[in-house]
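The following exercises concern backbone geometry and domain layout. Each task is followed by a solution in steps.

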Amino acid sequence: MNYQTPRGTYDILPEDSLKWQETEQLIREVCRLYRYQEIRTPVFEDTKVFKRENDSSDMVNKEMYTFAMGEESYTLRPEGTAGVIRAFDQHKLFGNPDLPARLYYLGPMFRHERPQKGRQRQFTQFGVESIGAKSPEIDAEVIALGIDIIKRMGISSVKVCINTLGDDASRSAYRNALKEYFSPHIDELCGDCHRRLEQNPLRILDCKVDAENPILKDAPRLSDYLNEESREYFDRVLKMLDALDIEYEIDDRLVRGLDYYTHTVFEVKSTRPDSGAQSTIFAGGRYDHLVEYFGGPELSGMGFAIGLERLIALAEEEGWKPSRTSDAEVYIMSAGNVGTAPLEIAQKLRQDGIIADVNLLGRSMKAQFKSADRSQAPVIIIVGESELAENKVNVKNKKNDTQVTVGLDQLNETVKGILAE
RNA sequence: GCGGCUGUGGUGAAGUUGGUCAACACACUGGAUUGUGGCUCCAGCAUUCGAGGGUUCGAGUCCCUUCAGCCGCCCCA
């Protein structure tokens, strides 16, 4: 085969499109229940939208699809949050009297990563952002929305890991404490951690190589550096989760990769034993400075993102299937020279909302029956030359394997009767 | 970006120390059975083994390159 999809991209074929449609529909319905509204932003933006200053992670350079057109540098969106906040600021949605703005997005994202299962270069992400107000209730609502969706997808083996990074003061105090603590022990840590010490010392805490290293276990705890206000905020988040019956586990090693998070951060993981390295279903947190960064006022936001490829894969592992099918309700075949009658009959049925498949090839009855079986249709209409001469056709009811001959004027009613059985 | 495994028809797959007609099964198509199938029987269905080079009298089997998938690491917005 000389042509194929680029690495890390894939086609959704007809046999799979239904589950995507249903998953997206489910997501949209749940969002409607929570009164989150969709926002659609471009799939590419000025590179500077995604390439933030002060961002200590190196993913920005390595993993973005950036291209130049004339003087401009553009980048395919690697995530949804930046574009949404940009739009929130650009269109001055902060002027809305009813903040927070509750927004969601759903669409393709692009990252130049080494593909694995549930990890593609073009992938589909759904996310919500609740922007413009700060309260523990909002944090809980956002988490609840995400949990709601995955529960409705039949995913039950999950746990919520949650933590707080505190406010700026708490966080930078802790950051410094970590640096001070690890610096003397640097030789006892792995190579990656050497880099992390300068770039993002918080991430040393969830290093896999050094996970059992006693140096890590005795590291300063973030909770010891929280100021009163941050601690209180977090306690209220947890109380709200209790009230909503959402079980969680406090994990003070959970720091997330990005610098912009403040206060609440969380990750919802699969507890299935075979989920391997891809166990996170969705994750997010609160950010206090992003709105300001894109030129808006000092407003806080809270959000999460979820990859649909992984969501659907996990749901299927737990037995989820789309509830609708693309099966036919009626299959129309022909015997003898019946001209345009089968097509006309099909058209009339469709106008009554019945899913009709019709044989369009001059094939043997045996072949037509095989197609009819494959279509899963419970009703087969056989348009025969001699019956048609009297304006009649044969209707086979596959539910009880009976067949009747009815006039064309009663056909739709007869079919509906069988389907309703 | 680094490391490991894999790649044979529509599908699941056999292919032994390189020798040839690339098993077997399912699916599919046609016929037995020109307008009532689902059973059975018969026949057809990979000039080719991800792609491209090389070694050889001869390669799916050996070598090189390349593409893709999977697993782990990095990273995970």
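**Exercise 1: A residue in a loop**

Task: Determine whether Asp-401 counts as buried or exposed.

Solution. Asp-401 has 7 C-beta neighbours inside 10 Å. A residue is classed as exposed if 12 or fewer other C-beta atoms lie within 10 Å of its own. Asp-401 therefore counts as exposed. The model examined here is predicted. As to its setting, Asp-401 belongs to the loop that joins β15 (392-397) and β16 (402-407). Its phi is near 60°, a positive value in a residue other than glycine. Most residues other than glycine have a negative phi.

**Exercise 2: The loop between α4 and β5**

Task: Describe the backbone of Lys-92 and the peptide bond from Leu-99 to Pro-100.

Solution. Begin with Lys-92, which is placed in the loop between α4 and β5. Phi of Lys-92 is near 55°, again positive in a residue other than glycine. Because Lys-92 has 11 C-beta neighbours inside 10 Å, it counts as exposed. Next, consider Pro-100, located in the loop between α4 (81-90) and β5 (101-110). The peptide bond leading from Leu-99 to Pro-100 is cis, and its omega is near 5°. Most peptide bonds are trans.

**Exercise 3: Domain layout**

Task: State which segments form the domains of chain A and how far apart the C-alpha centres of domain 1 and domain 2 lie.

Solution. Domain 1 of chain A is made up of 14-167 together with 227-317. Domain 2 covers 330-420. The distance between the C-alpha centres of domain 1 and domain 2 is 50 Å.

Conventions: Residues numbered from 1 in each chain as written. Chains lettered and ligands numbered in written order. Predicted model: local features only at pLDDT ≥ 70, side-chain atom pairs only at ≥ 80, totals over all residues. Domains from an automatic or database assignment. Helix = DSSP H or I, 4+ residues; strand = E, 2+ residues; numbered from the N terminus. Buried ≥ 20, exposed ≤ 12 C-beta atoms within 10 Å, placed from the backbone.
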